[in-house]
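Let's take a walk through this one together, starting with a helix and then moving on to some charged pairs.

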Amino acid sequence: MAARDRVRLAEVVASLSLATDLGAGGSFEDALRASLTATRLSGLLGLPDDQHSDVYYLPLMAFVGCTSTAHMASTVFGPEIETFSHAYKTDPTDEMAMMRAMLPAIGEGRPLLERLAIFGKMFANRDMFAEGSRGHCEVAQMIGARMGFTTDFQACLLQVFERWDGKGRPNGVAGASIALPARIGILANLACAWTRVYDLDTALRMIEQRSGRTFDPALVEVFSTHGRELLEALEPESLWDEVMRAEPAPHRYLAGSQIEEACFAIADFADLKSPFTLGHSRGVAELAQSAASACGLPQQDAEDLHLAGLLHDVGRAGVSNDVWDKAGPLTESQRERMRLHAYYTQRILVRLHGLGRAAALAGTHHERLDGSGYHRGVAARDLSPPARILAAADVYHALLEDRPHRRALEPSAAAHTLEQEARAGRLDADAANAVLQAAGVNKRPLRRMLPADLTEREVEVLRLIAHGQNNRVVAAELSLSPKTVGNHIEHIYSKIGVSSRAGATLFALQNGILDEPEK
């Protein structure tokens, strides 16, 4: 992978925390509020710089294991996100209290006998809570390692469900043996959640009631004095900007292979959501990058496509597994929920400025040339060659994978389906051809993909006018009549949605058209 600009770690982790908010049944920006609260509390405690940084990052990383337990939880509870949202009404480190809080939601809307069967299954599998917390914490620790966090911080991620009285999970660690950042993080997380679910006074009372049980008494004492002002300060104009400003110095950055490894970690976080998607994001990323290179797109586009492929399904975390793992046809309501995942991907990544191009591209993977895709429903004119390749790569790779409602297709059958989608006008034919060639299925010659469906001749004209040449000079250079050049310019403007040479020049610059193609 070629060298890239550095990416701020706080942006990467905060973006990922938005996905965990959705996947754990919380509310968007829950983790941001908890991080800000924890960081300000650590300032009041006068912690040393290394712990101050760990306290900042812990609430943002605490629930990155949530997708690892989604499938198992869904087989017991049904829609696991909706069920787990009820756990925020109580103390999630208290197993019995959490089960009581979730009972009204378990099997909601299903026949009585089916609900009773679910209750029986839940009580018969009570060890799933210990297994789930163990898996959650281990996955969080492993993702933390891949994000470049220290071993001490990784150890904190193994303790996010532990309690001061030793009755937590998964290892029953007690008292001061629980790392201080973990103790602060769970207090901040629950204080913010309870304020959202109930109100500030109730949240403060619930914190005090659990002193010496869930929480470190010394922390509760400080929070009793300052908690109100900390929680009342959580409505700035932009919570994201406030959290970015709150990161303890020095700010941490990823560069080069570290960026790619962080994106691989996010890909695996997304794919752990269901056993039917394991490895999907990695496969799409490799296929899309190879297809981009095969059809002559600039190296930067190929690299952006690789990262976009790794990131494209992070929004899956926000849709419950009763949709992803359903063996039969989806209902209309379930289809609408499923379609939300592309929107979630865009909203999760939109503020990840260091990966702006790849992040923006990731949210387009279900758009279609005829406007029938989602979530924006844009059509051909607004879909760049990289976006078209990503869509084709996503479809083809998914066809090669088992799904709850079908077995994986053989490569030849998957290729036939992809070509049908192209003939129907939903996928770009050149993009589909490039993907199939990258997959080793199609050996037909490739032509260079051009933005906005421009022809090779139109690109030649655009390149010359962008360099300031008038119609007569362009005509002489290309052995055309000035009138024909004028017609080409008119068509170019229409295709790229501009009305001036300045606009056309910027389009050419943004799409790498100013460079001569490789011979």
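Keep in mind as you look around that this is a predicted model. Start at helix α3, which covers residues 49-61. From its first C-alpha to its last, this 13-residue helix reaches 19 Å, close to the 18 Å expected at 1.5 Å a residue. So how much of α3 is covered? Mostly, it is: ten of the 13 residues are buried. Among them are His52, Ser53 and Asp54, along with Tyr56 and Tyr57, and the buried set runs on through Leu58, Pro59, Leu60 and Met61.

Now for the charged pairs. The count of salt bridges comes to 28. One of them joins Asp268 to Arg282, with the closest N and O atoms 2.9 Å apart. This pair links distant parts of the chain: Asp268 sits in helix α14 (residues 257-271) and Arg282 in helix α15 (residues 280-294), 14 residues apart. Asp268 counts as buried because its relative accessibility is 19%, under the 20% cut-off. Its partner Arg282, at 35%, counts as partly exposed.

Next, head to helix α18 (residues 332-349), home to both Arg339 and Glu336. Their side chains meet in a salt bridge at 4.0 Å, N to O. The two are three residues apart in the helix, so about one helical turn separates them. Arg339 is partly exposed at 31%, and Glu336 is partly exposed too, at 46%.

Last stop: Arg426 and Glu421, whose side chains form a salt bridge at 2.8 Å, N to O. Arg426 has a relative accessible area of 29%, so it is partly exposed. Elsewhere, Asp91, Arg163, Asp165 and Arg210 are joined into one network by salt bridges that share partners.

How values were computed
Residues numbered from 1 in each chain as written. Predicted model: local features only at pLDDT ≥ 70, side-chain atom pairs only at ≥ 80, totals over all residues. Heavy atoms only, no water. Helix = DSSP H or I, 4+ residues; strand = E, 2+ residues; numbered from the N terminus. Expected span 1.5 Å × (residues − 1). Buried < 20%, exposed > 50% of the residue type's maximum accessible area, 1.4 Å probe, protein only.
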